[in-house]
Amino acid sequence: MQHLGRLAIFSPDGPIQNFFIEKEIVAIGRSSGNDLVLDRHGISRYHASLTLNETGNIAELRDLESVNGTYVDGLRLKPNEARILRGGEEIQIGDIRLIFHPAADDTSDQTVQVHLQDFDAPHLSVALEGPDIAVTPGTHAPAIIRLSNKTQEKMRVVLRIEGVPPQWARLDQTEFELLPEQQREIGINFKPARRYDTKPGFYNITLHVGTVDTNYPPIELRTRLQILQFNGYGAVLGTPLIENEGIFKLYIHNQGNGPLPLRFLGRDAENLLNYVIEPSQIVLEAGQRLTVQGQVSAKQRPLLGKPQRINYDILTQSLSPSAFIAPVSGQIEIAPALSNWKLPIGIGVVLFLALLVLLGVLSSQMTSDSDSAEAQQPQISRFALNGNQSDNLVVSVNDPILVQWQTQNAAFIRLNAQSENGDTVLYTLAAQVPHSHVLQFSDVGRYAVWLEAQNEEKQEFSPMLNVEVLPLIQLKVYSVSTSTTQASAVLYRGVNGQYIIVEWKANWGNKTVPSPLDIIIGDQVFPITDMEGQLSLAANGLQNQLGGVEVSLEANSQILHTVILPTAYPECISQNDILLYDAPDPNSSAIPIMANTPFQIDGQNNERWIRVISPTQQTTIGYWGWLSPESLIDIICPIDYVELEQIPET
């Protein structure tokens, strides 16, 4: 049976489990009568319920008046109040963590080839299993660490993960005590950020296992995390009403993490219009914003009559496998070609006399209707910014904001936008126009936006919505080495001659740029004055910083944007089989490394022997090994060997 979704279950003292949802209502609690039984202290007999729609794409979680509560992403639910789950949320019930994966996003059947990594040291056995599923940004992929103390003494173990930003990986525990001969399992939960700059592909993960106050060398195990591409798309029509052969502007934004091929089409219900859209087909890069322009015109323009309004849609069609179609609606007003037609005199006279006869009747009726209309109070039933009716919207400089409203009994409306210094911009619009407008703020600051609906006698005001406009900040960080000068997204550990390159671009609009404005690299501060530029810094030891190098743009000591440049050992492969020696000595024992097996290097001695960390091979003295100078001719590495740090003699 095809499941409707999945709950990944994380307990503090057991392995990670999966509960596959096969019914639309799932009861959760300690009692055996539940669908998902969690028999643990702190969980009520009937603790919570999960209700799914028939496709499994959306779920509602309710707390059933439990004693200790149900938490979603750290917030406690009110009893019996539904909380919508769309996937990736973390649910806390007692000491159990649950992750909801809807059926559409569940990647549990997308396995990746990850072998069990283990290492058996004299003091400690460590095994790393997983992650064995590909993960979509915003969802979770589990892995398990199994440890066994082989000594007769208790030891304190410290765990650390490298290869992804720290916020992507969560360890159940990072430091703990392991008793003599005790075995323990620790869970890792990988959750890549659902952002456009979370690049799809494979990420090399290193698990560091160390012990406190001992002479045992640290242990390193490796695995890989596969991140999938996700789609996200937004479109706003900047000109909802155009006239005759009018020009429209469509503001689009790729909110996903991969390139998005798109095609643009126009349609109307009766096929009365022609559409010219340029470009008609594009590829929008991850995070890219673009303005598409087009023209709409009538296929056949009437000669006589009143202006006619025709509704139309501009369709965005994805050419990716998702094949989604996103419409945005507009209107075009078509005026007749001949607006001043001279009627024959006879017909004119007849019409004029007929009008005189009807004038009194119509005049009194129109006056009565007008008085009735004027007496009615205008109403504003809806007022929203980017679909949000709350009072706090955060955007960047020049981001388009779609303002939408619904009014009744209004002759015209006035859209007001007031800055924090009191300046007000007014947009007066007829009430009959499409109920939307696009705002753009070119200056940083806080703005109040509200709507005013009026007829000749009365007026009504909407609630005031706040918009915070932040500076548009772009920060790009990479490394280059003196030998290759090729840009790299990684700063290599154990390698000299590297530079950190920071490129920035900032836009405060017409506002005064705050001072001081600084680039922070690690603990070093670099004041800047230009709003766009590049900074180069010699790594000088930063390459060996665990967890990566943090680079931030600050204004008045407030962090505006942060990027982490990850650090990792250079990964190499050999084109042929080579020998890995226990010591930098051709007479020491050796084992083979097969061709095309990846391994990492971290330094060299003064005789140009290269020290190796091998994820798939083990030497007899631990996880270090050595490559002879003669074998270097067969090895392909991203760095020059002469830049490797010198390893001191022991």
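In this predicted model, Asp 35 comes out as partly exposed, its relative accessible area being 32%. Its partner is Lys 23, and the two side chains meet in a salt bridge with N and O 3.0 Å apart. Lys 23 sits in the loop between β2 (17-21) and β3 (25-29), while Asp 35 belongs to the loop between β3 and β4 (36-37), so that this pair links distant parts of the chain, 12 residues apart. Lys 23 also counts as partly exposed, at 42% relative accessibility.

That pair is one of 19 salt bridges in the count. Another brings together Arg 97 and Asp 172, whose closest N and O atoms are 2.7 Å apart. Here the link runs from strand β11 (residues 96-102), home of Arg 97, to the loop between β16 (169-171) and β17 (175-178), where Asp 172 is found, so parts 75 residues apart in sequence are tied together. The two ends are not equally accessible: Arg 97 is buried, with a relative accessible area of 6%, whereas Asp 172 is partly exposed at 31%.

A third example pairs Arg 446 with Glu 468, at 3.6 Å from N to O. This one goes from strand to strand: Arg 446 lies in β36 (residues 445-454) and Glu 468 in β38 (residues 465-470), so the bridge ties together parts that are 22 residues apart in sequence. Arg 446 is partly exposed, with a relative accessible area of 38%, and Glu 468 is partly exposed too, at 27%. Salt bridges also join up into a network, with Glu 129, Arg 146 and Glu 185 as its members.

Then there is a charged residue without a bridge. Glu 643 is buried yet has no salt bridge, and the nearest side chain of opposite charge, that of Arg 608, is 12 Å away. A salt bridge would need a nitrogen of Lys or Arg within 4 Å of a carboxyl oxygen, so Arg 608 at 12 Å does not qualify. Glu 643 is placed in the segment after β54 (635-636). What is Glu 643 in contact with, once its neighbours within four places in sequence are left aside? The contacts are Ser 481, Thr 482 and Ser 483, together with Gly 494, Val 495, Asn 496 and Gly 497.

The segment after β54 also holds one half of the disulfide. The count comes to 1 disulfide, and it joins Cys 572 to Cys 637, with the sulfurs 1.8 Å apart. The link is right-handed, with 115° about the S-S bond. Cys 572 lies in strand β48 (residues 571-574) and Cys 637 in the segment after β54, so the pair ties together parts 65 residues apart in sequence. Both Cys 572 and Cys 637 are buried.

Turning to nonpolar packing, the largest core has 46 residues, and those with the most contacts inside it are Phe 383, Val 467, Ile 519 and Ile 521. Where does this core lie with respect to domain 4 (379-470) and domain 5 (501-564)? Both domains give residues to the core, so it lies between them. Apart from this core lies another, of 32 residues, with Leu 147, Phe 176, Tyr 203 and Ile 219 among them. Back in the largest core, Val 467 has a long list of partners beyond its neighbours within four places in sequence, including Leu 385, Leu 393, Val 395, Ile 401, Phe 441 and Tyr 447. Arg 446 is also one of the residues in contact with Val 467, and Arg 446 is the residue that forms the salt bridge with Glu 468.

A few backbone details deserve a mention. Most residues other than glycine have a negative phi, and most peptide bonds are trans. Against that background, a cis peptide bond joins Gly 130 and Pro 131, with omega about 0°. Pro 131 is placed in the loop between β13 (124-129) and β14 (141-149). Glu 65 has a positive phi of about 55° although it is not a glycine; Glu 65 lies in the loop between β6 (59-63) and β7 (70-72) and is exposed, with a relative accessible area of 59%. Asn 409, also not a glycine, has a positive phi near 60°. The loop between β32 (401-408) and β33 (412-419) is where Asn 409 is found, and this residue is partly exposed, at 34% relative accessible area.

Key: Residues are numbered from 1 along each chain as its sequence is written. This is a predicted model: local features need pLDDT of at least 70, side-chain atom pairs count only at pLDDT 80 or more; totals for chains, interfaces and linings use all residues. Side-chain values use heavy atoms; hydrogens and water are left out. Helices (H or I, at least four residues) and strands (E, at least two) are DSSP runs, numbered from the N terminus. Buried means under 20% relative accessible area, exposed over 50%, partly exposed in between (1.4 Å probe, protein chains only). Lys and Arg count as positive and Asp and Glu as negative; His and the chain ends are not counted. Contact means heavy atoms within 4.5 Å. A nonpolar core is a set of buried Ala, Val, Leu, Ile, Met, Phe, Trp, Tyr and Cys residues joined through side-chain atoms within 4.5 Å. Domain bounds come from an automatic or database domain assignment. A disulfide is a pair of cysteine sulfur atoms within 2.5 Å.
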